[in-house]
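The following exercises are to be worked with the sequence and the coordinates at hand. Each task is followed by a solution in steps.

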Amino acid sequence: MKKGIKPFTLFLFAFIVIYLVIGTKVFLLNSNHDDKRYNKDQGLKPKWTGVITLWEIPYVETGASSSANWLNTRVEKFERENPGVFIEVRRLTPQRAQMYFTGHADKDILPDIISIPIYEDFVPSSLYEDLSPYFQVEELNRILPLAQRSVIKDNTMKGVPIMMGTYALFLNKDMLQENDITIEGTEIDFATLDRIVKKLSYVKKENKNEIQYYGFGSYNSTYSKPIISMIYNQSGKIQDDNGYRYIYSWINDPNLVPETIGNLDSSRAVRLFADEARIGVFLGNTRTLYKVREAQAQGKGFDLGIYCLPMEGKDGLFQDQIVSYGLIKKDDDIKKYYCIAFLKSLLSDEAQRELNKIGMFPIINGIGSIYEDDPEMHMLEQNLAKFIYSPHEKFWQIYKYEIMDILEPKSQGDSDISD
């Protein structure tokens, strides 16, 4: 006779089966939860693979070529250190990028990381991730105060500054020599500049053509306004600034500057100076230096002199050459972690030192000079500390239209600046 299974044995068997099923499920759920958790104290990385999209928009010109080589190097390094994580860099013009934010922006087609302009931004502030909880005080203190102000407002950090450029005065020394002009010392003041600008403005006959040469030149674009760096002053009425008074007089004196200077883009302005040699004193960014060097390497060009901007009557200079990246809000916390990790990697000592490959300057303190073997760039690097104002100052926000009005030539009846 076949014996039956005892009730206790049946109960024990059922209990073991249920325990194994439920216990395994709970274990897997807990394991999955642990994978998604980032332990700040232990520095553990959550496991994730996927693609991070970065929209690179050239708001700031780099000295040598573009930022592509530097950025690609940083991307490749990050991808090696994080297998399965890929960063797709897409380069767009500001106009093209703005199209995606017109009307109701579709988050599914927006990037994870995007360049931030230092002037007006078409990306709604509500779309940026506040990065302040992810940066410790020590990390923020490494970033130059000028750069911090471009992305931090009301304790909210909408982006990470990555690099900066600068402005300087570039002189065609061949034109100076042809006109018997000498400059004493390594600094230049407004009175000397005024003398040079007026003497280097003339018409020269070449064959049957008359070519206009200008004493002073610069440019003005949506995202780069070098002339403001020479006239900006927060100490009082802007028209009382020495730089303002001199540049005002040059712009309103026929033939001293290109008549389209208020709308001249940097490419055309640099060609007038570096390629056509028709400007004696040029106010521009470090791209100017590299363009002249490029011409010299081809057996063209001219002897170049570089001077820092005059500080007469100023406590600091204006700077809008700051490159920053912001993080668009996403629902995936693990992906957000990797995006922030990549942004932080761009602030590493190694990454910042390698900015010398593209003619830009570090945004962080404490790594010393990166241009010790380049006297001209080293001089500009040492002068960066004088740039303490940016388009995020309240003074600029209040008076920007009055300041920019300098680029509009006035008739004699309209003049409100005395000589």
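**Exercise 1. Cysteines**

Cys 339 is buried, with a relative accessible area of 1%. The model is a predicted one, in which local features need pLDDT of at least 70 and side-chain atom pairs count only at pLDDT 80 or more, while totals for chains, interfaces and linings use all residues. Residues are numbered from 1 along each chain as its sequence is written, and side-chain values use heavy atoms, leaving out hydrogens and water.

Task: State whether Cys 308 is buried or exposed, and how many disulfides a search of the whole structure finds.

Solution.
- Step 1. Apply the accessibility classes: buried is under 20% relative accessible area, exposed is over 50%, and partly exposed lies in between (1.4 Å probe, protein chains only).
- Step 2. Cys 308 has a relative accessible area of 18% and is therefore buried.
- Step 3. Search for disulfides, that is, pairs of cysteine sulfur atoms within 2.5 Å. The search of the whole structure returns zero.

**Exercise 2. Salt bridges across the sequence**

Task: Determine how many salt bridges the rule counts, and which parts of the chain the pair Lys 400 and Glu 120 ties together.

Solution.
- Step 1. Use the criterion of a side-chain nitrogen of Lys or Arg within 4 Å of a carboxyl oxygen of Asp or Glu. The count comes to 21 salt bridges.
- Step 2. Lys 400 and Glu 120 form one such bridge, at 3.0 Å from N to O. Lys 400 belongs to helix α15 (residues 394-404) and Glu 120 to the loop between β3 (113-116) and α4 (137-142), so the bridge ties together parts 280 residues apart in sequence. Helices (H or I, at least four residues) and strands (E, at least two) are DSSP runs numbered from the N terminus.
- Step 3. Compare the two ends: Lys 400 is buried at 13% relative accessibility, whereas Glu 120 is exposed at 54%.
- Step 4. Glu 129 and Lys 336 also meet in a salt bridge, at 3.5 Å from N to O. Here the loop between β3 and α4 is linked to helix α12 (residues 333-345), 207 residues apart. Both Glu 129 and Lys 336 are buried.
- Step 5. Arg 293 and Glu 376 form a salt bridge with closest N and O atoms 2.8 Å apart. Since Arg 293 lies in α11 (residues 286-297) and Glu 376 in α14 (residues 375-382), the pair ties together parts 83 residues apart in sequence. Arg 293 is partly exposed at 24%, as is Glu 376 at 29%.

**Exercise 3. Helix α15 and the largest pocket**

Task: Identify which residues of α15 are buried, and how many residues α15 gives to the lining of the largest pocket.

Solution.
- Step 1. The buried residues of α15 are Phe 395, Trp 396, Lys 400, Ile 403 and Met 404. Viewed down the helix axis they fall within an arc of 125°, so they line one face of α15; the arc is that of the directions from the axis to the C-beta atoms.
- Step 2. On the other side of α15, Lys 394, Ile 398 and Tyr 401 are exposed.
- Step 3. The cover over the buried residues includes α8 (226-231), α9 (242-251) and β12 (317-318), with contact taken as heavy atoms within 4.5 Å.
- Step 4. α15 gives the most to the lining of the largest pocket, with four residues. A pocket is an open set of points on a 1 Å grid over the protein atoms alone, where a 1.4 Å probe fits, with protein on both sides within 12 Å along at least five of seven lines; lining residues have an atom within 4 Å of a point.
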